[in-house]
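Here are a few friendly comments to read alongside the model. Please keep the 3D view open and look up each residue as it comes up.

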Amino acid sequence: MQRRDFVAGAASAGASLALFPPDLSGLEREKGPGGLERRALGKTGAKLSIIGFGGIVVSQATPEEAARRVGEAIDAGVNYFDVAPSYGDAEDTLGPALEPYRERVFLACKTQGRTRDAANAELESSLRKLRTDHFDLYQHHAVTKRSDVDVILGPGGAMEAFEAGRKAGKLRFIGFSAHSVEAALALLDGYAFDTLLFPFNYATWHGGSFGPQVLARAREQGMGILCLKAMARGPWPEGAEKRYPKCWYQPLEGEEAALGLRFTLSHPVTAAIPPGDERLFRTALALAARFEPLSAAEAEAVKAKGLAGSPLFRFPSAEA
């Protein structure tokens, strides 16, 4: 496919989601423990809390701090945990803290290994550190370039390790996270994934034309849709005080954080993973406990904010 045809096709796919708020009636939803909503994860049969616990929340934490943060999340109704080897020492701290609850939660992990051998090595290391014999979801992590897609899906690529791991009972479902529309759509065209993890954010959606086309394609395929960057404002302004060291982007705060999270969860998605700072994670939990979909008037206000902002990601991507 020529690039201009790809761009035109992706833009057309996104047009089907231009009307807002979208309809959530086709998504299975229920109240979970602690009052936190749970939603079906595509065709997997799993139901996840609408807020996920990102492993960065316990990076650089003491064992006592990690145990307390995980316990608070469990008590609030969180049953979806996500981690990766690239999150500093998060695997080492999350493993012991999560071990008492392992049978009650949906544990997702990732690898940036693009070849079979590299992915398999990280899978085995992550299983050991997380103190588990399997992951509920294993994902190709942060795929941005089309060339990486070719390696992942090609001979000797990481997909071979994923399929072998599933056959051996080391993982249940297969997914990916992506930071470009181009890579996401190429992966969706190349393999029948169970889930995707993607930035669905009001600034990238409206200001960067980034997200609608991926959500439309994932819905067509009946996938489980997981979200990143719901509470992102945009890049840190030059010279700004970075008050959240674990957050590489400037997060939304206060009422804007509520609008950002509600924008994302008002779409037919399963769950959102908040920023890795523990303070922002607690904020997201409190906001999600009283979630209501955006009204049409609120959606228009959020659209205006998005168009006036500086999105973290854009389509087309210069990096893809």
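1. Let us begin with Cys247. Its relative accessibility is 4%, and buried means under 20%, so Cys247 counts as buried. Please remember that this is a predicted model, and that the values here are computed from it.

2. Is Cys227 buried or exposed? Cys227 is buried, because its relative accessibility is 0%.

3. Why does Cys227 form no bond with Cys247? The closest cysteine sulfur to that of Cys227 belongs to Cys247, and it lies 16 Å away, which is too far for a bond. A disulfide needs two cysteine sulfur atoms within 2.5 Å. Seen from the other side, Cys247 is in no disulfide either, with the sulfur of Cys227 as its nearest cysteine sulfur at 16 Å. The count of disulfides is 0.

4. Now turn to strand E8, which covers residues 171-178. How many of its 8 residues are buried? The number is 7, so the strand is mostly covered.

5. Strand E8 has a partner in strand E7 (residues 135-143): the two run parallel and are joined by 6 bridges. To find this pairing on screen, look for Tyr138, which stands opposite Ile174 in E8.

6. E8 also pairs with strand E9 (residues 195-199), again in parallel, through 3 bridges. Here Ser177 has Leu197 in E9 as its bridge partner.

7. Finally, try tracing the chain through E8, helix H7 (residues 181-190) and E9: together they make a right-handed β-α-β unit. While you look at the strands, a general point may help: in a regular strand, side chains alternate between the two faces of the sheet.

Definitions and conventions: Residues are numbered from 1 along each chain as its sequence is written. This is a predicted model: local features need pLDDT of at least 70, side-chain atom pairs count only at pLDDT 80 or more; totals for chains, interfaces and linings use all residues. Side-chain values use heavy atoms; hydrogens and water are left out. Buried means under 20% relative accessible area, exposed over 50%, partly exposed in between (1.4 Å probe, protein chains only). Helices (H or I, at least four residues) and strands (E, at least two) are DSSP runs, numbered from the N terminus. Two strands pair if DSSP finds at least two bridges between them. A crossover is right-handed if, with the strands pointing away from the viewer, the path from the first strand over the helix to the second runs clockwise.
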